[in-house]
Amino acid sequence: MDDGARPGQGAPHWAIGTVGVDRRTQEGTGAAMAVDELDTRILRLLLEQPRTSVREYARVLGVARGTLQARLDRLERDGVITGTGPILSPAALGHPVLAFVHIEVTQGHLDDVGDALAAVPEIVEAFSITGGGDLLTRVVARDNAHLEDVIQKLISLPGVVRTRTEVALRERVSHRLLPLVESIGRTAKR
């Protein structure tokens, strides 16, 4: 790989997209992956300058390119770096309506409903949850009529008992991980 490569020109796929701080456990031990001060500096730089080359990252951080590449490989292997593509805007793609749909499922059908949700393109995320309902989905739509059509499609899925929908009016805090990375970095310095 050309260590001065730019995204789309031989750059590693993590350079194109987002960085997810996914504190997965290592090898099923139940312990979160140890992220040290250099790791947090690397993650911060990736979040602030996602389209920079590996060579430039190493220069800014004051570490050897090989050291940086080894850290990046480990962070990716351990599930800390999870993003592999650009951040897209559903609104810019013609789907400005955002709603959160809670889905109550017939007992024993959670996996079946979860699999069926994957076939609905307007569902951009789905989670199993505790509390009111069994699943929480993030749904995008062209307009309110389209949202109603999507909800009707969800209600008709085998195993779905009922839904409850909340429409987002305005985003107050954009998806972000930098404050979390900075907090982890402060903890790692101690």
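In what order do the elements of the chain run from the N terminus on? They run α-α-α-β-α-β-β-α-β-α, which amounts to six helices and four strands in the chain, where helices (H or I, at least four residues) and strands (E, at least two) are DSSP runs numbered from the N terminus.

Before selecting anything, note that this is a predicted model, in which local features need pLDDT of at least 70 and side-chain atom pairs count only at pLDDT 80 or more, while totals for chains, interfaces and linings use all residues. Residues are numbered from 1 along each chain as its sequence is written, and side-chain values use heavy atoms, with hydrogens and water left out.

**First stop: α1 and α2.** Select residues 37–48, which form helix α1, together with residues 54–61, which form helix α2; the two pack at an angle of about 130°, with their axes 11 Å apart (axes are lines fitted to C-alpha atoms, for helices over the stretch in contact, and angles run from 0 to 180 degrees between N-to-C directions). That angle makes α1 oblique to α2, given that angles under 35 degrees count as roughly parallel, over 145 as roughly antiparallel, 65 to 115 as roughly perpendicular and the rest as oblique. Show the side chains next, and Arg-41, Ile-42, Leu-45 and Leu-46 of α1 can be found meeting Tyr-57, Val-60 and Leu-61 of α2.

**Second stop: α1 and α6.** Keep α1 selected and add helix α6, residues 178–189, which packs against α1 at an angle of about 160°, with the axes 8 Å apart. That makes α1 roughly antiparallel to α6. On the α1 side the contact (heavy atoms within 4.5 Å) includes Leu-43 and Leu-47, and on the α6 side it includes Val-181 and Ile-184.

**Third stop: the cores.** Now select Ile-103, Leu-117, Leu-147 and Leu-154, the residues with the most contacts inside the largest nonpolar core, which has 18 residues; such a core is a set of buried Ala, Val, Leu, Ile, Met, Phe, Trp, Tyr and Cys residues joined through side-chain atoms within 4.5 Å, and buried means under 20% relative accessible area, exposed over 50%, partly exposed in between (1.4 Å probe, protein chains only). β1 (97–105), α4 (110–117), β3 (135–141) and α5 (144–155) each supply at least two residues of this core, and the largest share, five residues, comes from β1. Apart from this core lies another, of 17 residues, among them Ile-42, Leu-72, Leu-75 and Ile-81.
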